[in-house]
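Subject: A structure for you to explore

Hello,

Here is the protein structure I promised to pass on to you. Have a look at it first, and then read on for what turned up in it.

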Amino acid sequence: MPFPGGLWWLLCCRQGFTLLRRDYGEADREADGEEEEEEEASFELRAQRDQGSLEVSLSQPTRSSSGSERSLLVAEEMRSLIVEKGPEPVEDDPDALIKGWLQREVRGGVKTPWIRPRKYWFVLTPDSLDYYSSNEKGARRLGSLVLTSLCSVLWPDKQTYKETGYWSVTVFGRKHCYRLYTERLKEAVRWVCAVQKVIDSKAPVQTPTQLLMRDVEEHCGSPEVLEQIYRCNPILRYTSSPLYAPLLPFPYGSLDQSAPGPRSYTALRDEAVKLFNSLQQLESERDPVPLMQGVLQTCLDLPPLVDEIYCQLVKQTTEPPAPGGQGDLHYWQLLTCMSCTFLPSPPVLRFLRFHLDRTESRFPASEMAEYACFIREALGKTKGRECVPSLEEILVLMRRQEMICTVHCPGAPACSVAISSHTTAQEVAQELVSRLGLSQSPNLFALYEQSRRREHPVGSATLLADVLTSLAGEEREQDPPCRLCFKHYGFLDTDNVPRDSLEFALLFEQAHEMVLRGYVPTSEETLQTLAALRLQSLNSDFSTHAPFPRLEELFPPQVLHARLPAPCHRPPAKCRGARLRAGLLAGGLWGQALAKQRAERDQRLRGRLREEGASTMAAILEKWKLLQGMGRPEAMAAYVALVREWPGFGSTLFDVDVRASPVGAAPQRLWLGIGAKAVSLYKPGEPEPLDSFCYSRISSFGASDSGTFRISVEDRDLLFETSQVEEIAQLLNTYLASAAARQPPLSPEPTPSPAASDPTALPRGLCPTAGPWQHQPPVGSFHSQPGARCGPAGCS
């Protein structure tokens, strides 16, 4: 049966006529769009005819002999970039590096195999990637993508192959990208390598801003030439017009959205233009702090934009319409925050320093000159930040002042320390050691981030401003809030600490923290005595009117919970039918009855816990009454003496899971005790160690991975699964360094210990160093004494 004429028309007509694989309809539009792209590819700023100033610059301008003016000829530039194709056959092109049939778009694939894919003849030359309607003589060139050093190419991925059945090759240009497809992976890899080789062979593209920065640096000693450069090049001066292209070159193509950070970004070029729009909003913002923090966060997430923002700020602070006005000062304040957070590349840094000098010379004794002086000093100290400045820090930087940091000291009043954006934890710890009179102590001290859930030392090289920023973020979520504490980090000598000194008060408070966390295994009778001594040190003699702390502040709560009967857990049903019946029952009336039973059981457990707490508190009060007449120093000394009876006192305990147990049938969950003389393993709640290793028996140590710490003891390796790998490595290395500082060399040419000489085993960013924040000696100079023996809890 013949088809009607209308159906034949629908089958034959498309957007353009397809004849011998030549899609003229769509190809004409693509060719016209790409020719327009070639004409605009060299422009970095567009001319705005409706505005007074004309700001036009090209990506590859020709430099005049004087260097003060840029002549821009689009036609000549395009002729240098694109080679004109003659009428010779495409197959005979002598400049072709690689050629073949590829598909520009996938109209077929595994989902719609009945639609015929479109194929084009692609030719890669040293200057461009061209595609034609066919490989015959006189075939029309349908499009061309000029290849520069800013182009990029993506490798084929399996996801596209699974979805379409083709391997993809994506080449990014300035405004367009070619997404090419082929059925063979080998051919796709061949095209990717060839295109990347052409891109790598291209000379780096320099924008007018880069060329002018070089001119400014070359003529910095000629004021007349410099003034001519600034007068003839509006791109260096303030503008109220929007920016249509970045000042510095950025590669074409989209960003990898899998990059860390909660925010999603577009291409770097687009983000640079958006940031300039944000900068222009600063001029009229009444509260510019949130906008400044957003710009800083973008620079932290996208480090390549740091130089771009510096150049944009230098541009906007050069010859503004109202020097020293509110809008101009907002730019200077953001530039101040940038200088305390990021360090630009050397070329941009030199240009920035020249701009600061020029501003101070042109506007002496002005607020802009004060900002320039502050920025110059900050650039000499900035090394990079892990966090963007908080809102409070930005407000302080806008006033060019210092922040006040509050450090809590157990057993002593909190200390206020003035810090800047460049102050490290080691500098604050040194000041506290000197202020509290701990310079002669042999023990080690450190700053700690302390919260209800965790406590860990702050690295010596860590910027305290980053720590305060992270703590400020956690304070909104936790109660009580997080805080910064100054405490003992390592105990080298606890016997000779004077009882009337501040260090003994710190030692007493830290011993009490160990008791409350359950890290002092002893009897309940001793724990009650310790609680009574704590009350005596706080309130002196017993009195019904004395302030009484809560029980969990005197007695370890886990001991009370251990008295309660363990909840009986019904084993899960193994049969699928049994699980199905249990699920159906749980969703009906039976489930409500179970929930009611659980609520009643929890209520009984809470009542039992209150009864146990009341009986324990009564026993503590009776022991407190027996301490009548004991002074606070005596109570503290008695408390520390009882805690010191445990052999592991002075060690830092870490909860670890042991993969390879050193004593056969030891439990999986153990305490790893790191002391000044030995490393010990304890079963939680037991006073005697399962095993102990002197440092002379440890051949090496280090992190096997992010959650596993390894200690090699003689002929065996101990693997510990823990979330505190870095803290364990820091403490071990600190004790090794301290021992090396205190131990004299055994021979004129000592041999370093393997544990210290292994660079892979030593952590980075140590907290304290040998002595009370003194200079750390070489770790490789630690030597163990021959013939040292390990006892049950240490070295002898």
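Let's start with one residue: where is the place of threonine 317? Threonine 317 sits in the loop between α10 (305–316) and α11 (326–339). Please keep in mind that this is a predicted model.

Is threonine 317 buried or exposed? Its relative accessibility is 5%, and buried means under 20%, so threonine 317 counts as buried. Its side chain has polar partners in the backbone: a polar atom of that side chain lies 2.7 Å from the backbone oxygen of leucine 313, and the side chain of threonine 317 also reaches the backbone oxygen of valine 314, at 3.2 Å. If you leave aside the neighbours within four places in sequence, threonine 317 is in contact with Asp328, Tyr331, Trp332 and His355.

Now for the whole protein. It has 25 helices and 25 strands. Of its 796 residues, 47% count as buried. Take the contacts between residues at least 6 apart in sequence: 66% of them join residues at least 24 apart.

Next, the largest pocket. Rolling a probe the size of a water molecule over the atoms shows where empty space is left. The largest pocket holds about 1500 Å³ of space. It is lined by 45 residues, and the closest to its centre are Gln450, Glu455, Lys487, Glu513 and Arg517. Several elements give two or more residues to this lining, among them β14 (403–409), β18 (483–490), α18 (524–539) and α23 (725–742). Which element gives the most to the lining of the largest pocket? That is α17, with six residues. By type, the lining divides into 18 nonpolar, 12 polar and 15 charged residues.

On to the aromatic rings. The structure holds 14 aromatic pairs. In tyrosine 519 and tryptophan 671, the ring centres are 5.4 Å apart and the planes stand at 85°; an angle over 60 degrees counts as edge-to-face, so this pair is edge-to-face. The pair links distant parts of the chain: tyrosine 519 is in the loop between α17 and α18, while tryptophan 671 is in strand β20 (residues 669–674), 152 residues apart. Both tyrosine 519 and tryptophan 671 are buried.

Tryptophan 646 and tyrosine 682 form a tilted pair, with 5.4 Å from centre to centre and 50° between the planes. This pair, too, links distant parts of the chain, 36 residues apart: tryptophan 646 is in the loop between α22 (632–644) and β19, and tyrosine 682 is in strand β21 (residues 678–682). Tryptophan 646 and tyrosine 682 are both buried. There is also an aromatic cluster, formed by Tyr120, Phe122, Tyr131 and Tyr178.

Arginine 644 is worth finding as well, in helix α22. Why does arginine 644 count as partly exposed? Its relative accessibility is 28%, and partly exposed runs between 20% and 50%, so arginine 644 falls in that class. Arginine 644 and alanine 511 are 133 residues apart in sequence, yet their C-alpha atoms are 8.9 Å apart in space. Not counting residues up to four places away in sequence, arginine 644 touches Thr494, Asp495, Leu507 and Phe649.

Then a point about backbone angles. Most residues other than glycine have a negative phi. Serine 540 is not a glycine, but it has a positive phi of about 65°. You will find serine 540 in the loop between α18 and α19 (557–563), and with a relative accessible area of 38% it is partly exposed. Glutamate 714 also has a positive phi, of about 55°, although it is not a glycine. Glutamate 714 is in the loop between β24 (708–713) and β25 (716–721), and it is exposed, with a relative accessible area of 54%.

Last comes aspartate 705, in strand β23 (residues 698–705). Aspartate 705 is partly exposed, at 38% relative accessibility. Which backbone nitrogen lies 2.9 Å from a polar atom of the side chain of aspartate 705? That of glycine 707 does, and the backbone nitrogen of threonine 708 also lies 2.9 Å from a polar atom of this side chain. The C-alpha atoms of aspartate 705 and glutamate 721, 16 residues apart along the chain, are separated by 9.5 Å.

Enjoy exploring!

Best wishes

Terms used:
Residues are numbered from 1 along each chain as its sequence is written. This is a predicted model: local features need pLDDT of at least 70, side-chain atom pairs count only at pLDDT 80 or more; totals for chains, interfaces and linings use all residues. Side-chain values use heavy atoms; hydrogens and water are left out. Helices (H or I, at least four residues) and strands (E, at least two) are DSSP runs, numbered from the N terminus. Buried means under 20% relative accessible area, exposed over 50%, partly exposed in between (1.4 Å probe, protein chains only). A polar contact is a pair of N or O atoms within 3.5 Å; within protein, one must be able to donate a hydrogen and the other to accept it, and residues adjacent in sequence count only if both atoms are side-chain atoms. Contact means heavy atoms within 4.5 Å. On a 1 Å grid over the protein atoms alone, a cavity is a set of points where a 1.4 Å probe fits but cannot get out, and a pocket is an open set with protein on both sides within 12 Å along at least five of seven lines; lining residues have an atom within 4 Å of a point. Grid points are joined across faces, edges and corners, and a volume is the space filled by probe spheres set on the points. Ala, Val, Leu, Ile, Met, Phe, Trp, Tyr, Cys and Pro count as nonpolar, Asp, Glu, Lys and Arg as charged, and the others, Gly among them, as polar. Rings of Phe, Tyr and Trp (its six-membered ring) pair if their centres lie within 6.5 Å; planes under 30 degrees apart count as stacked, over 60 as edge-to-face and the rest as tilted.
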